[in-house]
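Me: Please pick one helix in this model and look closely at where it lies. Then follow what it touches into the rest of the fold.

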Amino acid sequence: MKYRQLGNSELKVSEISLGSWLTYGGGVEQQQAAACVHKAFDVGINFIDTANVYGRGAAESFLGEVLQGRDRNSYVLATKVYFPMSSTDQGLSAAQIRKQIDASLQRLRTDYVDLYQCHRYDTNTPLEETMTALSEVVQQGKARYIGFSEWNPAQIQAALDMSGVERFVSSQPQYSMLWRKPEAEVFPLCADNGIGQIVWSPLGQGVLTGKYKPGEAPPQNSRAANDQMNGYMENLRSDRILSAVQNLKPIAQQLNLSMAQLALAWVLRDERVSAAIIGASRPEQVEDNAAASGIHLSDDVLKEIDQILAPALPQAVGN
């Protein structure tokens, strides 16, 4: 496993990070989920990403249990705040940030998280209030650093322009071969300001593994076949996209890579990406994905990938 610096922080994170969206504390049975976490540590993953809203606290509670007994200094733990935890608990107000960080720490059974992230931008709360509250969280030792997910360039710049508040060190955008929107503005703006990218859905909700075939029902036991986990896959499962992805298989075979490894290596080709978050339901998936760390794709291979995916990219939202 290779490690990269996360923006201007002192955090060294594994190129492959283990996420818990839709899986742990939810769509994956607990014993299997625990096996995935243990395998992650076995293969050198040191970065675990979660959020309070995943399973309405269930993912954090699961991680709090499974991480017990591990040296807290041996891994980087990240969580998020914004989405509704109840009919009255949501957003990035100072009151919510204070309440939700304490609740997250209690579920995670830890005194601090390494990274506390705004899960989205809160248009209903003044940015100054949010940044001041996040700064308090850091000053109190409840988080070492702060980050954001899916903020647009104007929102990022507004935070950068503020004085007397903590600086963001991480951005968490959706990014994959099929979803390239952050490359245009978010990546360069962040790179200029010491903000690293932790990308989610680098496998396009599993579509880039090649397991979904055009015109065929999704395989049993796959994310697309699970009503608890398939709610966000609609835009990536058109026949045009699935056909193009199938045409990547010869490249992966020629390089002796799995399709997942090819997709992850593509994301990690960009040095502005600090880590790619994977979601795994089986330990063998963790092991396969982790093996993508350190793989170099030649310019010829990258050009061929672009040519193959060109007919599908306009259909993939975000390009």
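Reply: Helix 10 (residues 259-268) lies across strand 3, strand 9 (196-199) and strand 10 (273-278), where contact means heavy atoms within 4.5 Å. Helix 10 runs at about 155° to strand 10; axes are lines fitted to C-alpha atoms, for helices over the stretch in contact, with angles from 0 to 180 degrees between N-to-C directions. Helices (H or I, at least four residues) and strands (E, at least two) are DSSP runs numbered from the N terminus. The model is predicted, so local features need pLDDT of at least 70 and side-chain atom pairs 80 or more, while totals for chains, interfaces and linings use all residues. Residues are numbered from 1 along each chain as its sequence is written, and side-chain values use heavy atoms, without hydrogens and water.

The three strands under helix 10 belong to a closed barrel of 8 strands, which runs 3-4-5-6-7-8-9-10 with parallel pairing. From one strand to the next, the twist averages 30°. Two strands pair if DSSP finds at least two bridges between them. Strand 3 (residues 16-19) has 2 bridges to strand 4 (residues 47-49), in the parallel sense. Leucine 18 has isoleucine 48 in strand 4 as its bridge partner.

Just before strand 3 comes a side-chain link. Glutamate 15 forms a salt bridge with arginine 4 (2.8 Å, N to O); the term means a side-chain nitrogen of Lys or Arg within 4 Å of a carboxyl oxygen of Asp or Glu. Arginine 4 is in strand 1 (residues 3-5) and glutamate 15 is in the loop between strand 2 (12-14) and strand 3, so the pair ties together parts 11 residues apart in sequence. The whole structure has 13 salt bridges.

Elsewhere, the structure holds 1 cavity of 30 Å³ or more. A cavity is a set of points, on a 1 Å grid over the protein atoms alone, where a 1.4 Å probe fits but cannot get out. The largest cavity has a volume of about 40 Å³, the space filled by probe spheres set on the points. Met131, Ala159, Leu160, Glu166, Arg167 and Phe168 line the largest cavity, each with an atom within 4 Å of a point.

Note on methods. 1 Å grid on protein atoms, 1.4 Å probe; cavity = no way out; pocket = protein on both sides within 12 Å on 5 of 7 lines; lining within 4 Å.
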